[in-house]
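Colleague: Before I use any of the labels on this one, I'd like to go through where they come from. Can you take me through them?

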Amino acid sequence: MGIALQLLFTGLGVGSIYALVALGFVLIYRATNVVNFAQGDFAMLGAFSMVVLCIDLGWPYWLGIVLTIITMALFGALFNLGVYYPLRHRTFLPVIISTIGASILLENGVLAAYGPRPQSLPGVFASQGFSIGPVFFDSQYLTILAVTVFGVALQYLFFERTLLGKKLQAVSQDKEMASLLGIPVAFMIALTFVYSATLGGLAGILVAPILFVSVQMGASIALKAFAASIIGGFGDVTGAIVGGLALGVIETFGAAYISVPYKDGFAFLVLFVFLLIRPQGIFGERVAEKA
Amino acid sequence: MRFRTLALVFAAASSVLTPLTSTAADPLKIGMVAPLTGPGAESGRFQMNGAKLAVEQINKSGGVLGRPLELVVEDDQTTNPGAVLAFSRLAGDASIPAFVGSIRSTQVHAMAPDILKTGKPVMIGGTDPQLTKLGNPWLFRFRPNDSYSARVIADFGVNVLKLKKWAIVHSTDAFGTNGMKNLTEALQKLGATTVLTQGYTNNSQDFTPVALAVKQSGAEVMGTYMTFEPDQGIFAKQLRQLGVTISWVGSPTTVTTTALKLAGPALYGSYAVVDFNRDSSPAAKAFAALYETTYKSTPDVFSSWTYDAMTVLARAINTAKSVEPEAIRKAILATRDFAGAEGTFNFDQNGDGLHGYNIVRNDNGTIVFDKHVEFRD
Amino acid sequence: MPTRRLGGAIVFVAAAAATIAVPLVHPMPAYSLNLLMQASTYAIAVFGLTIVLGYTGQINLAQAAFFGIGAYCVALGTTTFALPFWIALALGIVLAGVAGAALGLTTLRLGGHYLAMVTISFQTILSLVLTNWIPVTRGPDGISGIKRPTVAGYALTDSGVYLALCFAALWIVGFFVWRLGHTRLGRHMQAVRDNELAAGVVGVDTYRTKVIAFTLSSVLGGFGGGLFASGFSYISPDQFSFAESVVFLTMALLGGVRSPFGTALGTALLILLPEWLRFLKVVYLAVYGAAVILIMVFMPEGIWGFAAGLVRRVRGAPTEPAASVPPLPLTTRTAQSDGTTLLRVSKISKHFGGLKAVDEVDLEVRRNEVHALIGPNGSGKSTLLNVLSGLYVLSGGEIRLEGEAIGALPPHERAARGLGRTFQNIRLFTAMSVLDNVIVGAERPGNPVEPGSSARDLARAALGFVGLADRAQRSVTSLSYGHQRRVEIARALAGNPRLLLLDEPGAGLNHVEKDDLVALLKRLKGHGLTILIIDHDMNLVEKVADHITVLNFGRRIADGAPGEVLRHPDVIAAYLGEVKDRAAA
């Protein structure tokens, strides 16, 4: 029983990492119909930014977080300008490849600039965590879970209760119509990228103390986050969260009770099954094409 | 495309001009295949450092056959086809008599057919025992292979620590799987029991299931073959969080600088087998001091093996008084009791130069040399 | 054979022979041999992507997995099982094909991102199996000592000779892929890519076409992998990962995925680029990533597509000589209007959840009449048409075409029975020429083609009928809206339809174009074609319709001759509101 509880906690913790990154995916997808293969690298950039600011320069943790978020926001705008905007009228395929190119550029750019050594980043709390009975609660995982829950609630309020949020939703649902209503679509999309990059950077900051900071750290999360968002229902924000958490739990239990080396396979096996039985995912809706 | 033309023009120009300047002090080129890009880029840099350091030392004391050594490096991109292309590119230069190859066994395997065809000596650092059993006479290994690391782990754990119930945690790549196989065999020979064999895929983000499995197995001691330091770090931390305090004897990754930095206190008190440790011999100390003065950082296994490889190679060419492949080969194999940074080199007929490992201990963050175990069979 | 094609064939054969001969007669350094072996075997795999992605528009992110299947079959076959190379290769190709077919059959009903994820999943799982199923695959150690093939008792241990073999394979596969683009299957693939919905309606079995494309892709992947394994004599599982699939995809897109020349170019570039960029040492991969983005932005059709586009603009589109256009043999079952029922729709319903878009509608279209379907916006007209075409599944009722119940048939089978249609928002195959668009229509299954004439002639005849014969070689996107509309009609006509469904053909047309349309419709009617037309323009409807059915809120509110229907109080009320409302307005 104790083991199952520990696995559950860790599974949720890992899952919340996937959820955070998946959220970034979904937002960009809803606004632009594009899957951003560089989403994981946003997390990597956020983590490296923290390393440079807090470790190399030795600045205070909170300052590092603030500056990293600002940097990631700026980066999101840059990414939009350089990678998405020039291709916005094309089909989704060139854009996907462009994001793949961006991913390669980011990973190798950071590699060239910083070097290949993995770095460590201290967690938010000095203490590693605490035990209750047989279960150890890692403080960083708890932080991630808390931030995810809080962040999603905040995001819900923003999208549903503010005018800006509704405008963003409009753009993501029907660009043409939104534009006819006077909503500056290009600006809204830029905002979406900014927000998504910031989210990705935040995920990186939270994840770095656990996974350590390396050039490859984003890529491994991103793929699973993508799978998670499809399981949850592609294009649905709740789906991204639920899918991420579910994936983390399935993976962890699968590793413990079935096979550790095939752990990465479980995620995709589940995805496969979902795509066969219920392709719209847990929360998604089938959208019929109008003739 | 302009770069290509520029390069061609430059090459043409230099090939015209070179004969005009050729003298007896013509540099002797040694080819080197190293990862400059890809996941192995970090180790590639250290490998080059070690080789360059050796070249400097050799050239200071007169060079090889009166000529200064020059290193020609090609990037293998940390992939198999990359290694093959890098090697064949170097091999296309007929003036290169010998090469320093890869530390990754799969890359050496990939290059092997071309090495056989080229028929020139290649110094390698890959530790798959199979590499010296391929019947390829041109591979010379400058690190003790994994059958030795496994035997030393087993020997130390069973005979010194007196622990007989083992858990083996290993990465599922070539290094980890072979290490596991060899360790299982070695433990069996010593009458110990393996209560858990747990593989994991590289770059796992979470090791809770592995840590729990170790905890549940009731093992007294853990032998590990882990390839990447982040995995090492996450695993160590989670193991300790779950309250597992058993002894740990690990592969060389367990004590690299990066591993220590990432895992911190979670690795205190663990043991590891390493082929390179600065305190293991006077030669190692000398190399470490030299490396630190030159590069202002601590050396590790990546630089020590290439340093030894270049040094032994230069000696062999000088002894053979020739750059003919067969002559170099005989001279390398005839190397006896040569004190290198990695250890004392005695080449056997298969091309293995080292037959033992060092045991070190993580003493609250400092790596302390414990002993050297050598096999004379 | 026309001289231009003969000339092209000669150049092709000469180029192929030349490249195959070079490694045979001229000794090349090992480096070049290795490089070219990698390039040629990769190119064969990437040709697979030309078929599935370039032609059919389906994304495949598992090409490295199929490559790996082929490689492992050859590796294990020639080492563990001591099979001759050719048998092992055949096994690899078959296995890869079976895997591809299985994957395709189960998931090609979904598309786009879903397919991407399924292929990624398959890829990841296969990588894990190759690494961890050690008893069979030898795990991460890989397999060395892979044997070379023997040809007529002579083992190809010489890499130069083996390279010649790879080149030969490359040219043959390349030719096959290029030829495929010009066959009926190839046209079907491109139709699926450009507009899957329209493709179905025009008679293409879209599911089957996609599965075939996917299977061909996996077969080529396996073929390339088998050749690769023998070429390098050593493989390990880390070479067949998702990252490698991404590399294949990038190679395809960089050169231009729609043409085998493009993909070959892209492959060569991406293998040579890192080599040329070696001098950049550490930074080159970053430069490569940036280069990928730049090419996507400035040359979205890939390099070959860009170059081909330039050539086309310089040369201009070839025009068809008007004199050689044959007349359109508009075959109809009977030449005269005989009042018999062609289409009987009984109590058709279509519900979307709680919304009854079409509510128990009865409709009868008589042979050789023009039957108009009108009603205010949202009355269910287009929905009804979509139900008739098979694009929507009906919720209730029956559809009989000449007595045969077709309500359960998919769109392409209804097309096979002579149902043709056009769409309100024009659905042409945008990457194909005007003529090719119409040929797809002509090639619909079950099309009664006169002996001696081919689908191509039929298509040209259809184009001639709508007055666009001289624009046959133009790309459809270069035509005006009105002309595009006519091409769509020609595409439907080329299928010799028994019943032609026209969904707001007048939409978006100006005065002049509408008059042309009315003239065209009258000509069609004069040839005895049966037409069911939806339109909002009452003038147009009055001019052409023999019979009108009116819908409102999904129900039929009037049905009869134009004179009475258009003066029916319910109809007027439906369009203009009740009398008291009109007074207020």
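Modeller: Sure, starting with contacts: two residues are in contact if their C-beta atoms, placed from the backbone, lie within 7 Å. In chain A, residues 24 or more positions apart account for 74% of the contacts with a separation of 6 or more. In chain C the corresponding figure is 75%. This is a predicted model, so local features need pLDDT of at least 70 and side-chain atom pairs count only at pLDDT 80 or more, while totals for chains, interfaces and linings use all residues. Residues are numbered from 1 along each chain as its sequence is written, and chains are lettered from A and ligands numbered from 1 in the order in which they are written.

Colleague: What makes the radius of gyration of chain A agree with a compact globule?

Modeller: The rule is 2.2 Å times the number of residues to the power 0.38, with the radius taken over C-alpha atoms. For 291 residues a compact globule would come out near 19 Å, and chain A has 19 Å, so the two agree. The C-alpha trace of chain A spans about 60 × 50 × 35 Å along its principal axes.

Colleague: How are the helices and strands of chain A picked out, and how many are there?

Modeller: They're DSSP runs numbered from the N terminus: H or I with at least four residues for a helix, E with at least two for a strand. Chain A has 11 helices and 2 strands, and along the sequence they read α-α-α-α-β-β-α-α-α-α-α-α-α. Chain C has 24 helices and 14 strands, and its C-alpha trace spans about 90 × 55 × 45 Å along the principal axes.

Colleague: Why is Ala415(C) called buried?

Modeller: Buried takes 20 or more other C-beta atoms within 10 Å of the residue's own, exposed takes 12 or fewer, and partly exposed is in between, with C-beta atoms placed from the backbone. Ala415(C) has 29 C-beta neighbours inside 10 Å, so it counts as buried. Its place is in helix H16 (residues 411–416) of chain C. Leaving out residues up to four places away in sequence, Ala415(C) touches Val201(C), Val202(C), Gly203(C), Gly420(C), Arg444(C) and Gly495(C). The C-alpha atoms of Ala415(C) and Arg498(C) are 9.7 Å apart, with their positions 83 residues apart along the chain.

Colleague: And what about Glu402(C) and Glu504(C): buried or partly exposed?

Modeller: Glu402(C) has 16 C-beta neighbours inside 10 Å, so it counts as partly exposed. Glu504(C) has 20 other C-beta atoms within 10 Å, and therefore it is buried. Glu402(C) sits in the loop between strand S8 (396–401) and strand S9 (404–405) of chain C, and its phi is positive, about 50 degrees, although it is not a glycine. Glu504(C) is in the loop between strand S11 (499–503) and helix H20 (511–526) of chain C; it isn't a glycine either, yet has a positive phi of about 45 degrees. Chain-wide, 58% of the 291 residues of chain A count as buried, and 54% of the 585 residues of chain C do.

Colleague: Why is H7(C) called roughly antiparallel to H10(C)?

Modeller: Axes are lines fitted to C-alpha atoms, for helices over the stretch in contact, and angles run from 0 to 180 degrees between N-to-C directions. Under 35 degrees is roughly parallel, over 145 roughly antiparallel, 65 to 115 roughly perpendicular and the rest oblique. Helix H7 (residues 159–180) and helix H10 (residues 206–232) of chain C pack at about 170 degrees, with axes 11 Å apart. That angle makes H7(C) roughly antiparallel to H10(C). Tyr162(C), Cys166(C), Ala169(C) and Val173(C) of H7(C) meet Leu220(C), Leu227(C) and Gly231(C) of H10(C).

Colleague: What makes one residue in that contact polar?

Modeller: Ala, Val, Leu, Ile, Met, Phe, Trp, Tyr, Cys and Pro count as nonpolar, Asp, Glu, Lys and Arg as charged, and the others, Gly among them, as polar. The contact of H7(C) with H10(C) has 6 nonpolar, 1 polar and no charged residues.

Colleague: How do the residues of chain C that touch chain A divide by class?

Modeller: There, 33 residues of chain C are in contact with 34 residues of chain A. H5(C) gives the largest share of the chain C side, 10 residues. That side divides into 23 nonpolar, 10 polar and no charged.
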